[in-house]
Amino acid sequence: MSNLSTRLTILLVDDEAMILKTLQRLLVRHDWDIVIAESGAQALEIMAQRSIALLLTDQRMPEMSGLELLREVKASYPDTVRIVLTGYAEMDVVVKSINEGEVYRFLTKPWNNAELLKTVHEALQHYHEKMTRYSEITSQLELANLETVMALAEAIELKDHYTKGHCSRVRDYALRIAMALNLSDNLRRDLVYASILHDCGKIGVSESILNIDGPLNDEQYREVKRHPVLGFEMTSKIDYLRPASIIIRQHHERWDGTGYPDGIKADEISLGARIVAVADTFDAMTSSRPYRRALDFDVAVQELITNRGSQFDPEIVDLFVSLLDRSTPFSGELETPRRLLLVGALSEQISELANSLPATCYELISVATLAEARVLITSVDMVVCARHLEDGDVIDFLTACKHLNPQIIRIMLIARQDMAGMAETVNQAGLYAFMIYPLRPAEVHALVENAFEWQRMASVLHFVE
Ligand SMILES: [Fe+2]
C-alpha cells in the first residue's frame, strides 16, 4: 500500500550524460522523484535499493544494452513499467521487445517533449492502477487469512479458557515492542499472528491437564511442553503462517539455551520469539490464574529484570520496561469505556444489553430515531441498529455510518425469524454481524468483545480504511 501513498520514482538510464540531463530537466518539474543511471549495471544497483515505478532506458549502450536491461528488470521487478528510447535504425529490436512483453512503450530519438510527457503520464497511471488492484487483492486475501487465524484462536479459547484475553494482551505488548524497534510491516504481521496463536498447540494437549487448577506433576508438565512443537506443526503447513510458525515453536526457548523444545540460545532464537517470550511471561505474571493471584505490576517488572540475560533477551527486556509507562495504557487496559449507540432498540432490549455488558467497559447510549443517531455517529465506537425505523432506511443509514466514521463497528439487531435472506444485508452495508433477539447475555458479550478484537486486529494489520 505504501506504493500508492508515496511519490512515484522514475529511473532514467543512458550512457550519454547530456541526454540524461535533458530528460531530467523535462521531468523534474512534475511531482515525481527522478533518479539517473549511466549504465545498465548501475540501474540494477539502484533498483535493488528502491522501488521504481517507471524505467526509461536508452537502447544502445556499451556493455549492457537497453534490451538486456529490460529483460533483467522484467524478470526481477515485473511491476516496474518499462519504456525504451531508441533510434529508427533499431526498430526491429524494438518490435521484438514489444512482442515479447519487455516494454510498455517505445519512444524514438530525437523525441518530442509533449509526446514523451504524455507517454510517461500514461505509464505511471498504468503503474498506479496495477498497484491499486494488487493492494485490493492483497487486502482481501489478508482479511481471509485473518478470519482463519481468529477462528483458530477461538478454537483454542474453547479448549483452554485461560487463553481468552491473554493472547490479545500478548499481541499488544509484542506490537509495542515491534513498533519501538521499527520492524517492517511483514515482521509485524508475523508477530501479530504468532502472538495470537502462540499456544495453539495446546489443542493437541489433553483438556484435563490444561484445566488443572494447580501446579503440574512431571508427567503433566512434559505433556504441556509439547505445545510449541504441536503448534509449529499445525501452522507451518499454512503458507502465510510459516514465518509465524517459527516464533510459535520458539516461544519457550530461553536466552541462555535452557528452554525448550530445541534448547537454542541468544540470536539463534528468532527475534519474534524473543519478543513473544517477554510479552507472554509478563502477561502471565500480571494476570490471575485459578490457583494463584496476579503478581503486582512492579514485582512482575522486577522479575523480568532479574531474568534478563538468562531467560530473556536483555535488550528486549530493557526496551519493554522502558515502554511500560503506566500513564499510557496498553489497549488491554482501556481507561475509557467503549461507547455503544443503540438505535431504535426496545426498552427490554436496552436493559438486556445493559445487563450483558460490564458497565466499566461499555457505555450505552440509546436513541429512538436515525436523525438522533446521525448526530452522535462520529463520537461512538459501535452502532447497534434495529431493522426497521420510521424515519429512514436503516441499510442506507448503516452504509452512511461507514463514511462518517470509518472505524465504527456496525451491528443490526434482528429477530431470529427475520434471519432468512439477511446475509446479503451484511455485505451490502458492510455490517460486522447481526445481534439476534431474544438476546442471550453471554452471546451478546462475546459478540461485542469479538467485534472490538476484530477491529483492533484489522487496524494493526492496516485493513481498516
Ligand atoms: Fe506457551
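This note comments on a predicted model, point by point.

1. Conventions. Residue numbers start from 1 along each chain as its sequence is written. Because the model is predicted, local features need pLDDT of at least 70 and side-chain atom pairs count only at pLDDT 80 or more, while totals for chains, interfaces and linings use all residues. Helices (H or I, at least four residues) and strands (E, at least two) are DSSP runs, numbered from the N terminus.

2. Confidence. The protein averages a pLDDT (the predictor's confidence in each residue, from 0 to 100) of 84, and 89% of the residues score at least 70. Among its elements, helix 1 (residues 2-5) has the lowest mean, 45, whereas helix 12 (residues 242-250) has the highest, 96. Where pLDDT is low, the predicted coordinates should not be read in detail.

3. Helix 4. In helix 4 (residues 66-76) the buried residues (20 or more other C-beta atoms within 10 Å of their own, with C-beta atoms placed from the backbone) are Gly66, Leu67, Leu69, Leu70 and Val73. Seen down the helix axis, these fall within an arc of 155° (taken over the directions from the axis to the C-beta atoms), so they line one face of helix 4. The face turned away from that buried side carries Ala75 and Ser76, which are exposed (12 or fewer such atoms, with partly exposed in between). The buried residues of helix 4 pack against strand 1 (9-13), helix 3 (40-49), strand 3 (54-58), strand 4 (81-86) and helix 5 (91-99), where contact requires C-beta atoms within 7 Å.

4. Helix 8. Of the 13 residues of helix 8 (residues 185-197), 10 are buried, so the helix is largely enclosed by the rest of the structure; among them are the charged-type names Arg188, Arg189 and Asp190, along with Leu191 and Tyr193. At 1.5 Å a residue helix 8 should span 18 Å, and its end C-alpha atoms are 18 Å apart, which agrees; the expected span is 1.5 Å times one less than the number of residues.

5. Backbone exceptions. Most residues other than glycine have a negative phi, and most peptide bonds are trans. The bond from Lys109 to Pro110 is nevertheless cis, with omega near -10°, and Pro110 sits in the loop between strand 5 (105-108) and helix 6 (113-159). The bond from Tyr260 to Pro261 is also cis, with omega near 10°.

6. Positive phi. Glu63, not a glycine, has a positive phi of about 60°; its place is in the loop between strand 3 and helix 4, and it is exposed, with 10 other C-beta atoms within 10 Å. Ala266, in the loop between helix 12 and helix 13, has a positive phi of about 40°.

Note on methods:
Two residues are in contact if their C-beta atoms, placed from the backbone, lie within 7 Å.
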